[in-house]
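Please look over the sequence and the structure shown here before reading on. The paragraphs that follow lead through them one region at a time.

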Amino acid sequence: MAALMDRYPAISDLEARAKKRVPHFAWEYLASGTGADQAVERNNEALRAITLTPQLLKGKFDPEISTTLFGIEYAAPIGIAPIGLTGLIWPGADAALATAAADRRIPYCMSTVSTTSPEDAGPASKGMGWFQLYPPREKGMRTDLIERAQKAGFTTLVVTADVPARSRRERQVKARIRVPPVIGPKLIAQAAIHPAWSMGVLRNGLPRFRALEKYIDKATMRNIAGFVGASLGGTLSYDYLAEVRSEWRGPIVVKGILNADDAERCLDHGADAIQVSNHGGRQLDGAVAAIDALPAILDRVGSRVPVLFDSGIRSGLDVARALAVGADFVFCGRAFLFGVAALGAPGAGHASDVLVDGLTNVMAQTGCRQLADLPLRLTNTS
Ligand code: FNR
């Protein structure tokens, strides 16, 4: 652990190594936003503009960062955001994320379109698993998926609201991402110069949408991406959310909310928490920076329910910034996948260690014994 921390002390170190180890098309899938990546940049810039004013002379203390959410104690207010097509980014990534979450006692949110099944990922995450739902159009499929997630031990359902339509993602179009990957000369050429990734594919097999396979007949299998596009998403409405509420026995988080009216209506229709997010800048290039949307949502619903946050977090300092603005819990997507792609399975835990160590250090530097002290260190608040 110390050796890894010496060599890769920052998420940006993991990112740089990941970029070298992953074939171009998989890198583009992971790293890109949409359009000209303006929303990605906006997230970064808005976070980086937040400053904290330390309070000193506090004597010796150890910052306390464990956090209870929906009755479960987590070691830190940092979770693994849902990522689709995980096995394309790094073979075996799903198992690495679930195991790291179980080891580090942080939540791991499995995506509907990740490359594992709820039956594998639920037990592997040992009570730390959350399940993300892209709303299926067909109700039978939804009910079954929810039932499977429940049976597999996932504690919390995350309903993603911010994919009302496919995003154009021009970088991904140019990189010719296909699911399942089409084994042609281009892919072979890219894989050949990334041997660790290719060996991983040989060991783990080509990535498949394992959670969804049972709903797809053999004939459709060749066009599974088409099936996924046609059967998930574009369906979510408040009535649909209320139906999901009646099927899931546990907390529901609605993810991808940027507007305070939406947040309030989600609560009226059964949500137990809101996750403020712009999908890491991957849906709408003109979207408001997620961190800039957070205060109004906190004002409206923050006293009633937990408000979670993601989009743009790349360090423990960024986690501290989001918590200082008022988030109750912070999720990271790319940061964890940079870790896995850089270092293989141990990279997921290492990314967590980098974020946790960074957050703890910021708290020490700013004189915060508890997470609740962080908002008091936000510069220029009245
Ligand atoms: C995502 N995200 C996402 N969200 C979701 O609800 N379901 C999904 O399947 C995916 N898939 C996905 C794939 C990849 C490669 C990325 C980068 C992101 C969005 C994700 O959960 C989260 O909102 C963002 O990743 C947060 O931004 P950062 O931390 O990556 O900057």
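How many cavities of 30 Å³ or more does the count come to? The count comes to one cavity of 30 Å³ or more, where a cavity is a set of points, on a 1 Å grid over the protein atoms alone, at which a 1.4 Å probe fits but cannot get out. Grid points are joined across faces, edges and corners, and a volume is the space filled by probe spheres set on the points.

This is a predicted model, in which local features need pLDDT of at least 70 and side-chain atom pairs count only at pLDDT 80 or more, while totals for chains, interfaces and linings use all residues. Residues are numbered from 1 along each chain as its sequence is written, and side-chain values use heavy atoms, with hydrogens and water left out.

The largest cavity holds about 30 Å³ of space, and its lining, meaning the residues with an atom within 4 Å of a point, consists of Pro82, Ile83, Thr86, Asp94, Leu97, Tyr108, Cys109, Met110, Ser111 and Ser114. Two elements, α6 (93-104) and β4 (108-110), each supply at least two residues of this lining, and the largest share, three residues, comes from β4. Such helices (H or I, at least four residues) and strands (E, at least two) are DSSP runs, numbered from the N terminus. By class, the lining of the largest cavity divides into six nonpolar residues, three polar and one charged; here Ala, Val, Leu, Ile, Met, Phe, Trp, Tyr, Cys and Pro count as nonpolar, Asp, Glu, Lys and Arg as charged, and the others, Gly among them, as polar.

The next place to look is the ligand. Around the ligand there are 23 residues, of which Pro82, Ser111, Thr160, Gly312 and Arg314 come nearest; a residue is near a molecule if one of its heavy atoms lies within 4 Å of it. Pro82 and Ser111 also appear in the lining of the largest cavity. The shell around the ligand has eight nonpolar, 10 polar and five charged residues. Several polar contacts can be followed here, a polar contact being a pair of N or O atoms within 3.5 Å, with the added conditions that, within protein, one atom must be able to donate a hydrogen and the other to accept it, and that residues adjacent in sequence count only if both atoms are side-chain atoms. A polar side-chain atom of Lys255 lies 3.0 Å from a nitrogen atom of the ligand, whereas a polar backbone atom of Gly312 is 2.9 Å from an oxygen atom of the ligand. From Gly333, a backbone N or O atom lies 2.9 Å from an oxygen atom of the ligand. Of the 600 Å² of accessible area that the ligand has on its own, the protein covers 98%, with areas taken from the Shrake-Rupley method with a 1.4 Å probe and, for residues, only the protein chains shown counted as cover.

Beside Gly312 in the sequence, Ile313 belongs to the loop between β9 (307-310) and α16 (316-325). Ile313 is buried, with a relative accessible area of 1%, where buried means under 20% relative accessible area, exposed over 50%, and partly exposed in between (1.4 Å probe, protein chains only). Further along the chain is helix α17 (residues 334-343), and because 10 of its 10 residues are buried, α17 is largely enclosed by the rest of the structure. Among these buried residues are Arg334, Phe336, Phe338 and Leu343. After α17 comes Gly344, whose phi is positive, near 75 degrees.

Positive phi values also occur outside glycine. Phe70, in the loop between β1 (67-69) and β2 (72-74), has a phi near 50 degrees and is partly exposed, with a relative accessible area of 27%. Leu85, placed in the loop between β3 (78-80) and α5 (86-89), has a positive phi of about 55 degrees although it is not a glycine, and at 8% relative accessibility Leu85 counts as buried.

A last loop, between β6 (156-160) and α9 (170-174), holds Ser167, which counts as buried at 11% relative accessibility. A polar atom of the Ser167 side chain lies 3.0 Å from the backbone oxygen of Arg282, and the backbone oxygen of Gln283 likewise lies 3.0 Å from a polar atom of that side chain.

Terms used: 1 Å grid on protein atoms, 1.4 Å probe; cavity = no way out; pocket = protein on both sides within 12 Å on 5 of 7 lines; lining within 4 Å.
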